[in-house]
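Visitor: Please choose a single part of this model and take me through it closely. I'd like to see how it sits in the rest of the picture.

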Amino acid sequence: MRHHSGLFAGLLVAALGFSAPAHAITVSVLPFAADAVPGTTLTLELSISGLGAQAAPSLGAFDIDIGFDPALLTVTGYVPGDGLGSVDALEAIDVGFGLTAPGNFNVGVVSILGEGTLNAIQPTAFVLATVEFLVGSIGIGETTVVGFGTSAALSDGFGDPLAIDVLTASTLTGAPIPLPAPLGLFLVALAALAVFRRREQ
Amino acid sequence: MSMMQRTMLGVAATAAIGLSGCFLQTISGATFAVGGSLITSVQTDSVLTTCVQGGSTGGNVECTYFFTDENGVPVDVTSSADLISEFGILGVVIDPLILQVPLDAGNVSGTYDDGAGLSGALDIQSGFRSIPVDTHRTLFAEPGQQFIIAELPDGVPFDGIGFVLSLTFEQPGDDGAVSVKPLLALKYDAGKQVFHTPFLPCVTDMTAVPAVTIPTAATPQPIPVASLPQGCNGEQYLLAGFGVFACDFDADNDVDIDDLVLQASARNAPALPGDRLDNDSNGFIDINDVRRCALQCTRPACATSLTRDEGRGFVRGERQP
């Protein structure tokens, strides 16, 4: 059974009234809209904005479930960003659980760096993680949403909760499979040959 | 989505309640042997518990509680009930059953029945991914698993009574057999802290607990509780009086990445009172607790001894799978 976008409608949440407060912490799956071609991979970014510019509040850790339709998408890769320090350099720890249930992929990073260092290195917005999906058999024009799963939590530099003001999801639309370039050239040549022969006759 | 209901019989209550025991003793700086096991001296006024007569007979652990009286003279008792009645140990509750089940198990309930008219609902807590064992160790659920704690309600008489415990939980889907891991522990409730010291089997690592496969069945399935060959011989549970790093969860006297990884593996779950993983003491282990502990690392860059040869840079990186 396919789960259509309506299932995820509730995941697009705008909290705290009609207008976001100053320094509104926004977590987004980007791009907001993209074509999804069956059989291809699609890379989406989990991003945050609204932090202080080289100032508090900084982000000390995050723990976010990404929700998607498992009938249409499969997670094939995941790379945490460097905004909380480099995982490879052990400035941060990748604590993501990964796929915890069909259609629920957990990503999480905890920084080892001090609050002052985080303030110094973090811009107001940066990529938390990139997630790569394999697109399944989505119909042309069919839409599906990659949004948020069962939980999303942020921690500031001191380990206190950092409220998320806005969550925005990404809407994917099924697109036709493009013809490979060599095949296109072959068809053009075939057409030209047909025209040439007709003229000869 | 369909729900599969699983019901299982708990262990015979004689194993869970009457004949179990552990070595509980106030150490006053001496070193002496009891029951064939050497007890290493520890700090004055601390409390130590260990099973010194591990082994099992017919599924029952043959342990004895030992105490020192006010004059420092060793005294022994043979059951938790005696422990309470003779020494008035506040809050020592009789031997809960801990069951590790899949994380998606829900609607947990349970009953006790002595077969002679004494029956009722068990007190059930579920959703735990960590259980404090003693002042410096924690029992962690394996990946994708959670703990259920089942115990007799307050006021139910238990001394010398055998109960059959029955637990039921539901899982989404219909995936056939499921593996669970049972163990019995002594519960030590010190008010702000609650410890569960495993004794049947007497291990603090769930990978060492034998799994029991529960088939899909309409009738309750028995769950035997295993006793490992080494019993509890030599095991020591430290219940008070020991200063440890608040975020040292692997009991190696430092706070490093290994501790944070352990803590993170148990997050998004409720915490028992006094669980050190719940660093902000809000009753729930989450990413904020892990970040707080990251700020308490005692090693340079929070590196483990395997990941950094101190002062000479990183040797080998470690990452969560």
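Guide: Let's start at A:Pro31, which sits in the chain A loop between β2 (26-30) and β3 (33-36); helices (H or I, at least four residues) and strands (E, at least two) are DSSP runs, numbered from the N terminus. The peptide bond leading into this proline from A:Leu30 is cis, with omega near 0 degrees. Before going on, some ground rules: this is a predicted model, where local features need pLDDT of at least 70, side-chain atom pairs count only at pLDDT 80 or more, and totals for chains, interfaces and linings use all residues. Residues are numbered from 1 along each chain as written, chains are lettered from A and ligands numbered from 1 in written order, and side-chain values use heavy atoms, leaving out hydrogens and water.

Chain A has another cis bond to look at, the one joining A:Ala56 and A:Pro57, with omega about 0 degrees. A:Pro57 is found in the loop between β4 (41-49) and β5 of chain A. That brings us to β5 (59-67), and β5 takes us to the partner chain: with β7 (92-94), β9 (104-111), α1 (115-121) and β11 (143-156) of chain A, β5 is listed among the elements that each supply at least two residues of the side touching chain B.

Strand β5 of chain A also holds A:Asp63, whose partner B:Arg267 sits in the loop between α3 and β24 (269-270) of chain B, making this a pair that crosses between chains. The two form a salt bridge, with their closest N and O atoms 2.8 Å apart. The rule here is a side-chain nitrogen of Lys or Arg within 4 Å of a carboxyl oxygen of Asp or Glu. B:Arg292 makes a salt bridge as well, with A:Asp160, at 2.6 Å between the closest N and O atoms. Between chain A and chain B the count is two, while a search of the whole structure turns up five over all chains.

Now step back to the whole contact (heavy atoms within 4.5 Å). Chain A puts in 32 residues and chain B 24 residues. Together they bury about 2000 Å², and carbon and sulfur atoms give 58% of that area; buried area is the accessible area (1.4 Å probe) that the two parts lose on being put together, summed over both. For the complex, the predictor gives an ipTM of 0.81 and a pTM of 0.75.

Over on chain B, have a look at B:Cys247 and B:Cys293, a disulfide with sulfur atoms 2.1 Å apart; the cut-off for the sulfur pair is within 2.5 Å. The link is left-handed, at -70 degrees about the S-S bond. B:Cys247 belongs to the loop between β23 (237-240) and α3 (257-265) of chain B and B:Cys293 to helix α4 (residues 287-294) of chain B, so the bond ties together parts 46 residues apart in sequence. Over all chains, the disulfide count is two. The loop between β23 and α3 of chain B also houses B:Asn253, a residue other than glycine with a positive phi, near 65 degrees.

Finally, confidence, as pLDDT (per residue, from 0 to 100). Chain A averages 86, and 86% of its residues score at least 70. Residues 1-21 of chain A fall below 50, though the stretch has 31 contacts beyond near neighbours in sequence. Chain B has a mean of 68, with 54% of residues at 70 or more. Within chain B the peak is α4(B), at 98, and the low point is strand β4 (residues 37-39), at a mean of 26. Residues 76-84 of chain B also lie below 50, with 36 contacts beyond near neighbours in sequence. Residues 87-93 of chain B stay under 50 too, and there the model has 19 contacts beyond four places in sequence.

Technical notes
pLDDT = per-residue confidence, 0-100.
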